[in-house]
Amino acid sequence: MVFVIDDAAVRRSIQGLLKSVGLRSDSFGTAQEFLTSERTDGPSCLVLDIRLPDLNGLDFQRQCPLNAASQMGKDSL
Amino acid sequence: LKHLTVDNEISKSGLLWWPKPPVLLRYGMAVLSVIAALVIARLLDIYLVTAPVALFLCAIMFSAWFGGVKPGLLAVVLSLLAFVYYFVTPLYSLALEMKEVPRLIIFVLSALFVGALSAAQRRATESLRDARDDLSRTVQELRRTNEALQAENAERRHAEDALGRSEAYLSEAQRISLTGSFGWSVVSGEIYWSEETYRIFQYDRTTKPTVELVLQRVHPEDAAFVRQTNERASQDGKDFDFEYRLLMPDGFVKHVHVVAQALSDEAGGIEFVGAVMDVTEQRQAKAALEKAFDEIKKSEERLRLVLDTIPGMVWSGLPDGTFDFVNQPWLTYLGCSWEELSARGGLRSVVHPDDVEGSDARWKETRAAGRHTDHELRMRRADGQYHWFLTRALPLHDEQGNIVRWYGTATDIEDRKRAEMLLGGEKRLLEMIARGDSLALILDALCRFVEELAGGCLSSILLLDPNTNCLRHGAAPSLPTKYTEAIDGSVIGPSVGSCGTAAHRREPVIVSDIATDPLWADYRELALAHGLQACWSTPILSSERKVLGTFAIYYREPRSPSPQEHELTAQITHLTSIAIERRQREEVLHQAQADLAHVSRVTTMGELTASLAHEVNQPITAAVTNANTCVRWLAGDTPNIQEARDAAIRSAKDGTRAAEIISRIRLLFQKGTTERELVDINEVIREIIVLLRSEATRYSISVRTELGTELPELIGDSVQLQQVFMNLVLNGIDAMKDVDDKREMFIKSQLAEDKQLLISISDTGCGLPPQAEQIFEAFFTTKLHGTGMGLSISRSIVESHGGRLWADGNTGRGATFHIALSTVVEAHE
C-alpha cells in the first residue's frame with residue numbers, strides 16, 4: 001500500500017496504524033517523490049491527499065501511469 | 001694849543017740847537033784837532049819856519065767847544081806835548097830848555113783860557129738844550145692830560161644820554177604796566193609821584209601830591225581802611241602791601257595795589273618807596289574767571305545731578321584701566337559708597353567670579369584696540385544676587401588722538417537674559433517633545449532647566465494617575481531619592497503637602513515654610529529630615545483643564561516666590577503639560593494603531609480560517625490516529641507494548657504541536673500591547689510560514705527560504721512583525737492564485753553592511769499595479785474583497801520600528817517586497 005500525504009505527522013500516524021493491522025505500506029510527502037521512487041512491487045492501493053505541495057491529488061490521479069490498474073482513495077482529511 | 005705852539009717855536013730855532021755828540025767823538029775830535037794843528041804847524045814850520053802856536057789854540061778851542069771841559073784839557077795836554085816835541089828846542093825831544101819855559105807857560109795859559117772859554121760856551125748851549133728838552137716833555141704831558149680830559153668829558157656826556165634814555169624807558173614801562181612809583185617821607189610829609197602815579201590818581205602833574213589828595217580818591221567804602229593802613233605804616237615804619245579801590249571823578253572804580261618799602265633816611269626819618277599798580281583789569285579778569293569757574297562748577301554739578309538721576313549706570317575710566325567714577329544708581333545697585341567700593345577693590349570685586357577673567361581680558365583688549373564692543377557680565381547686587389549687565393564704552397580722545405578717558409554704561413539685562421534663557425530652554429524642551437524623546441527624559445530636563453534658572457531651588461514633577469488619584473514620580477533630579485520614593489504614590493487630598501493639595505484643589509499651593517504650614521502635617525517630618533523648608537506646587541493642567549500632575553519647587557530655606565518665579569512656574573507647567581499631553585496622545589495614537597493592526601489581523605485571520613483549521617487539524621488527526629494505533633497495539637492477547645508506546649509518544653507530540661499552533665493563532669488574535677521585546681526576525685518568518693503553509697499548499701505554491709545565520713536581534717513587537725510578514729506572504733499568494741506558470745515564493749533575510757536587517761519576499765505573481773506607490777495607501781486595493789488596509793498597516797508597523805517597507809517589480813514575473821529594520825537600539829526609546 002502506498003500513500004502520499006504532505007504532513008509528516010499525519011503520514012507517520014497512518015503508517016503506524018496500517019502497521020498495527022498488519023499492512024505493509026510506503027509513504028511519500030509529494031507526488032514527485034512517489035513518481036521518482038523505485039518500486040519493488042506494484043501497489044495494491046494508492047491513497048492520495050487532495051492537497052499536495054506540488055500537484056493536487058486529482059491531477060495526480062489523472063497523470064498517474066498506473067491509472068487503470070490502481071484503486072483510488074480519497075483523503076477525506 | 002698854546003703849549004703846542006711853544007713847542008713848535010723851540011724846534012724851529014735851529015741856531016741854538018745841535019745834537020750832543022757822543023763822548024768818543026768828543027775826545028776823538030780833540031785828538032784830531034791837535035793832530036790837524038800839528039800837521040799844519042809842521043808844514044808851516046818846514047816851509048815857513050815859524051811855529052803857528054795859534055793853530056794849537058784853535059784845536060783846543062774847537063775841542064773844548066765840541067767836546068766840553070775834559071776833551072778841551074786833553075787837547076791842551078796833547079797840544080803841549082806836540083808843541084814841546086816838535087817846536088821847542090831841542091827839537092824832537094820832550095826835554096825842555098829853560099828859555100823856552102815862559103813861552104810854554106804863556107802857551108799853556110792861553111790854551112787853558114781858550115779852552116775854558118770854549119767849555120763855558122758849550123755848557124751854556126747844553127743847559128739851553130736841557131731846558132728845551134724839559135719844555136718838550138711838559139708839552140707832551142699837557143697834551144696827554146688834555147686828551148684824557150676830553151675822553152672823560154665824552155663819557156660823561158654818554159652816561160647822561162643813557163640816563164636820560166633809561167628814565168624815558170622807565171616812564172614808558174610804568175605807563176604800559178600801569179604801575180606808578182612814589183616816595184613818601186613821613187617826617188617832612190613830602191611825596192614824590194612818578195608820571196604814571198599822577199595818571200593813576202588822575203591828578204595834574206603840577207599838583208603837589210599829599211596824603212589828603214590820595215584819600216580824596218579812595219572809594220568811600222575803603223577810605224577808613226586806607227587811612228588806617230597809612231597811619232599804621234607811618235607809625236610803625238614797616239613795609240606795606242595792600243589793595244583798595246579808587247572812585248574816580250567820573251564814577252569809574254579803579255582797583256589799585258600798593259606796595260611800599262620803608263627806608264630810613266640820613267636823619268633817621270622813615271621814607272617809603274613803593275609802587276602803585278592799577279590792577280582794575282586783572283580784577284575784572286579774575287572776577288570773570290571766577291564767574292566762569294563758578295559756571296563750570298555749576299554745570300559739573302548739573303552733570304553730576306543728571307548722571308546720578310538718570311535711570312542707568314554710568315562709569316568712567318582712565319587709559320590705564322582704572323575706574324575713577326561710577327554714578328549713584330550704580331552705587332545704589334551695589335549698595336555701597338564709592339569709598340567702600342574702592343576699599344573692596346573696585347568694580348572688579350563685584351563681578352561674578354566666572355566672569356572676572358573674561359571681563360579683564362575684554363577690558364584689556366578694548367584699551368589696546370581703542371574700541372569697545374558690547375560685553376556681557378554678571379555683577380553682584382547689594383542683596384548678593386547677580387544680575388546680567390551689558391557694558392558699552394566709548395573713548396574720549398585728545399587733539400593728538402590719544403585716549404584720555406573712557407566713558408561707558410552698564411545696562412541691566414537680567415530680564416532679557418532670563419527671557420533668552422527661558423526661550424532657549426523652551427526651544428530645547430519643545431525640540432525634545434517634538435522629537436518624541438521619552439517623557440522621563442523630558443521631565444528630567446524640565447526640572448534641571450528650572451533649577452538652572454532659579455538658582456538654589458530643587459524641583460520635582462509628579463504625574464497624576466487618574467484611575468487611582470495617586471501622584472506618581474515623574475522627575476526630580478536633585479531631590480533626595482529617599483524622599484521621592486517616600487512621597488511616590490500619595491493619594492491627593494485637601495491636606496496632602498503642597499503637591500497633593502495643589503492637585504486636589506486644582507490651583508497653586510505656596511507653602512513658604514513647611515515647618516509651620518498645616519498642609520504639611522503628615523509630611524513635615526519627612527521634608528524637614530531632608531532639609532526641605534519651602535515648597536510651592538502648581539497643578540499641571542491639560543488643555544481640557546484636567547489635572548495631569550504637579551510641578552513643585554522646593555527650597556532649603558523658608559521663602560516665597562518672586563513675580564519672576566511665578567512666571568517661570570507658569571511657563572514650566574505649561575511646557576510640562578504639553579509634554580505629558582503629547583505623550584498621552586502618542587499613546588492613544590499608538591493604541592489606535594495597535595487596535596487597527598489588531599482588527600486588520602483578526603480580519604485576515606478570519607479569511608484564513610479554512611487554512612488555519614487545516615493546519616490545526618493535521619496534528620489533531622495525527623494525534624487521534626496515533627491514539628487509535630496505540631489502542632490497537634494494546635488490544636488482543638499479546639499486546640505490543642513497544643509499538644503502543646511509540647504510538648502514544650507520537651500522539652502526545654502531535655497534541656503538543658496542535659497546541660502550539662493554536663497558541664500562535666491565539667496570539668495573533670489577541671489585542672497587542674505596545675510592549676517591546678528582543679525579537680529574532682528569522683523566528684518570526686518561520687512562525688508565519690508554519691501558519692500559512694496550508695494556505696500556500698492550497699494554491700500549489702512552493703515556499704522557499706534563505707534565512708541568514710547569526711542575525712542580530714532587534715527590539716520590537718513580534719506579533720506586529722508577524723502581521724507584516726503574514727500580510728506580505730498572503731499578498732504574494734494572492735498575486736499567484738491565478739497564475740498558471742510556476743508559483744513560487746522566496747523569502748530571504750540577511751544583514752546589510754549598515755547593521756540593518758534586510759528581508760525580501762518575492763513572488764512570481766501578477767506583479768505591481770502601475771501606480772506602485774499607491775499600494776501602501778490606506779483603502780487602496782486591487783483585490784475584489786480586499787480592505788486596502790494590509791500594506792498601509794504593514795508600512796506603519798515597520799516605520800514604528802524605525803524601519804522601511806517598499807516594493808519593486810521583478811525583472812521576470814511578480815514583485816518583491818523589501819523590509820529594512822534597524823538593529824541599533826535607539827537611545828530615546
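**A note on the two-chain contact and the cavities**

1. Chain A and chain B together bury about 1600 Å², and 56% of that area is on carbon and sulfur atoms. Buried area here is the accessible area (1.4 Å probe) that two parts lose on being put together, summed over both. This is a predicted model, in which local features need pLDDT of at least 70 and side-chain atom pairs count only at pLDDT 80 or more, while totals for chains, interfaces and linings use all residues. Residues are numbered from 1 along each chain as its sequence is written, chains are lettered from A in the order in which they are written, and side-chain values use heavy atoms, with hydrogens and water left out.

2. Who takes part in the contact? On one side are 17 residues from chain A, and on the other 18 residues from chain B; contact means heavy atoms within 4.5 Å.

3. Now to the charged pairs. The interface of chain A and chain B holds 3 salt bridges, a salt bridge being a side-chain nitrogen of Lys or Arg within 4 Å of a carboxyl oxygen of Asp or Glu. The side of chain A that touches chain B has 8 nonpolar, 3 polar and 6 charged residues. For these classes, Ala, Val, Leu, Ile, Met, Phe, Trp, Tyr, Cys and Pro count as nonpolar, Asp, Glu, Lys and Arg as charged, and the others, Gly among them, as polar.

4. Two salt bridges are worth finding on screen. Lys19(A) pairs with Glu643(B) at 2.6 Å, N to O. Asp7(A) pairs with Arg693(B), their closest N and O atoms being 3.5 Å apart. Asp7(A) sits in the loop between β1 (2–4) and α1 (8–20) of chain A, and Arg693(B) in helix α21 (residues 681–698) of chain B, so this pair joins two chains. Helices (H or I, at least four residues) and strands (E, at least two) are DSSP runs, numbered from the N terminus.

5. Next, the enclosed spaces. There are 5 cavities of 30 Å³ or more; on a 1 Å grid over the protein atoms alone, a cavity is a set of points where a 1.4 Å probe fits but cannot get out, and lining residues have an atom within 4 Å of a point. Grid points are joined across faces, edges and corners, and a volume is the space filled by probe spheres set on the points.

6. The largest cavity has a volume of about 180 Å³. Among the residues closest to its centre are Phe182(B), Trp184(B) and Tyr244(B). Its largest share of lining, 3 residues, comes from β3(B). The lining has 12 nonpolar, 1 polar and no charged residues.

7. The second largest cavity has a volume of about 120 Å³. α16(B) gives the most to its lining, with 4 residues, and the lining has 9 nonpolar, 4 polar and no charged residues.

Methods. 1 Å grid on protein atoms, 1.4 Å probe; cavity = no way out; pocket = protein on both sides within 12 Å on 5 of 7 lines; lining within 4 Å.
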